[in-house]
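Please read the following note with the model open beside you. The points take up the enclosed spaces, an open pocket and two helices in turn.

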Amino acid sequence: MAKEYIDFETLKYLLYDVHQLEEVLQGDRFADHDKESLDMFLDSVKEFSDRELFPYIKEMDEQPAYHKDGKVIVHKQVEVMMKKGGEMGLISGTFDYDAGGLQLPMMIYTASAFIQDAANNHLPGYAGLTLGAAELIVHFGNKELNNTYVPHMLSGQWGGTMCLTEPQAGSSLSDVVTKATPTDNGYYKILGQKIFISGGDHQYADNFVHLVLARIEGAPAGTKGISLFVVPKKRPDNNGNLTPNDVTTVADFQKLGQRGYCTTHLGFGDAGDCQGWLVGEPHQGLKYMFLMMNGARIAVGRGAAAIATAAYQASLQYAKERPQGRKLTSDGKKNPEQGQTLIINHPDVRRMLLLQKVVAEGSLSLVLLASRYLDLKDTLEDKAEKEKYELLLELIIPMVKTYPSEMGSEAVSNGVQVLGGYGFCSDFILQQYLRDIRIFPIYEGTTGIQSQDLLGRKLLMGNGKALELLTAEIMQTIQSASKYDDLRGYAAKLGEKLKLAQKVIGFLVGYAQKGDYERFLSDATPFMEFFSTITMSWVWLDIAAHAKNALVTAQKNHSEDFYESKIHAMKFFFKYELPKTNGLAEILMDEEVLTIAGEKEVFN
């Protein structure tokens, strides 16, 4: 295994220099925090991850969670994650002081969770889902639900889950059939099944608080008739005693990757005695769940970026230590008498490592940018500024979830390739990272769903205002980079790609204007790749412009080599990734239709 799993210096550079965390700290909500205290927090998370997470990642893969006698058995480090996570504020960090939280900026929570994800991506989800479930109760639940459940969840004593998916519905939440029947006692009787419930049961929590989407009898059809319920595995009485609540752990899914992170099949009400409590108003469940979804999708992008980062560090270390072959001499031949060279000196290995670097570091920067928008949206007083950051966040969220997941998988695959045959063997961790990251394009809405969201909803949001705002942000970076002679050409290339994007969007929107929505959205996934690649070129130009500014002004917090490496990575992205948008644009503006179902069957 690699000696290191993240580049802590790059994380702090992106946090403080590129994304200006200290500007966010000016908000009243974060008045008690400063750079020094937050650095101490991140240092403590890194030390905890070094000691309690990273050493167990291979072991958790080799000893996966399993179902036995109606229970799920998980690795002993899950207990450490939950209890220590509760003590350190890793669950409660972003919550208000009144709720028992630390009022941390989302940017710092994201950075701290990124460290944990990179150390061992099988563990932080147990705490993260508990956080998400508690957040729903805090925002939308009544005082009694808050008092009964939230303190136990934030301490890590009780776990929390999100229960959306059902066997017959999959991602189509309009087809949810779990039933909620009202009673005269203030609760509802719950009946149904939920599948793919991450962290849904294990031996290291005294209770589980399931946030369940269900349909009250007589509710409207489709998503408008879905309500949200707190359904505990054990229901507490007024004295704090816990009684079984007719929630059954039917099975645990055995998976390709993330084998230490249990994924359960839950049954509710098989014996007719499952009680659930309504959160907020009836028929508003999906709206409540989706108000929390931005945080969940940032978390998926963050987790994928973290795995890509850990894989990059592992393959980089291997390339620096593995001698093989010889460098070409000036006449294009190899000298057999010359000693072997390290594989990091071979151009093709360097190309694969640089791809990993630009995907991993670029993805982290994108995730931190989304977290910054979330912080500003929630803390700024000015209404127009709040709306600006809300629209920017909504527009980039599908890309924040998708680009690190899809390109992270490709980057880790390149990491396997760097190791050659060893990359395919279980002695080395690259094959595990490849299996672990493969779930991320599926989590929290598949790539296809995110792509339709980006093209069909977010791009045209506010009559195109969100897109105007993002374009303005990109133009600002182009202007900043254009001040420097050696960045000006790259800034001009990005400007040309913005014009290409405008052309592609205009072509596709033409179908929507004619009412041909199936054709409009049929190539949403290639559009996601196209638009994400342009967005990531902006992210990298911004990183490089900050690096160049530090070099020119001599206001350096890092070494000259550090800054030069960021500029080099940007140049790599612009040479090897950005030109792919030309081919994607050709696909997107081709009028031939090949994927829409017609009268003739094409699959034989």
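1. Three cavities of 30 Å³ or more are counted here, where a cavity is a set of points, on a 1 Å grid over the protein atoms alone, at which a 1.4 Å probe fits but cannot get out. The model is predicted, so that local features need pLDDT of at least 70 and side-chain atom pairs count only at pLDDT 80 or more, whereas totals for chains, interfaces and linings use all residues. Residues are numbered from 1 along each chain as its sequence is written, and side-chain values use heavy atoms, with hydrogens and water left out.

2. The largest cavity has a volume of about 60 Å³, a volume being the space filled by probe spheres set on grid points that are joined across faces, edges and corners. Among its lining residues, which have an atom within 4 Å of a point, are Asp-7, Phe-114, Tyr-312 and Glu-361. Helix 1 (8–18), helix 10 (293–321) and helix 11 each supply at least two residues of this lining; helices here are DSSP runs of H or I with at least four residues, numbered from the N terminus.

3. The second largest cavity, with a volume of about 40 Å³, is lined by Pro-64, Ala-65, Asp-252, Phe-253, Gln-254, Lys-255 and Arg-259.

4. The second largest pocket, a pocket being an open set with protein on both sides within 12 Å along at least five of seven lines, has a volume of about 560 Å³. Of the 21 residues that line this pocket, Val-18, Gln-476, Thr-477, Asp-542 and His-546 are the closest to its centre. Helix 18 gives the most to the lining, namely six residues.

5. Helix 12 (residues 383–419) has 37 residues and reaches 52 Å from its first C-alpha to its last, close to the 54 Å expected at 1.5 Å a residue, where the expected span is 1.5 Å times one less than the number of residues. Helix 12 nevertheless bends by about 40° at Ile-396, and Pro-398 follows within four residues; the bend is the angle between axes fitted to the seven residues ending there and the seven starting there.

6. Why can helix 12 be called largely enclosed by the rest of the structure? The reason is that 27 of its 37 residues are buried, that is, under 20% relative accessible area with a 1.4 Å probe and protein chains only. Helix 7 (residues 124–140) is mostly covered, with 13 of its 17 residues buried.

How values were computed. Buried means under 20% relative accessible area, exposed over 50%, partly exposed in between (1.4 Å probe, protein chains only).
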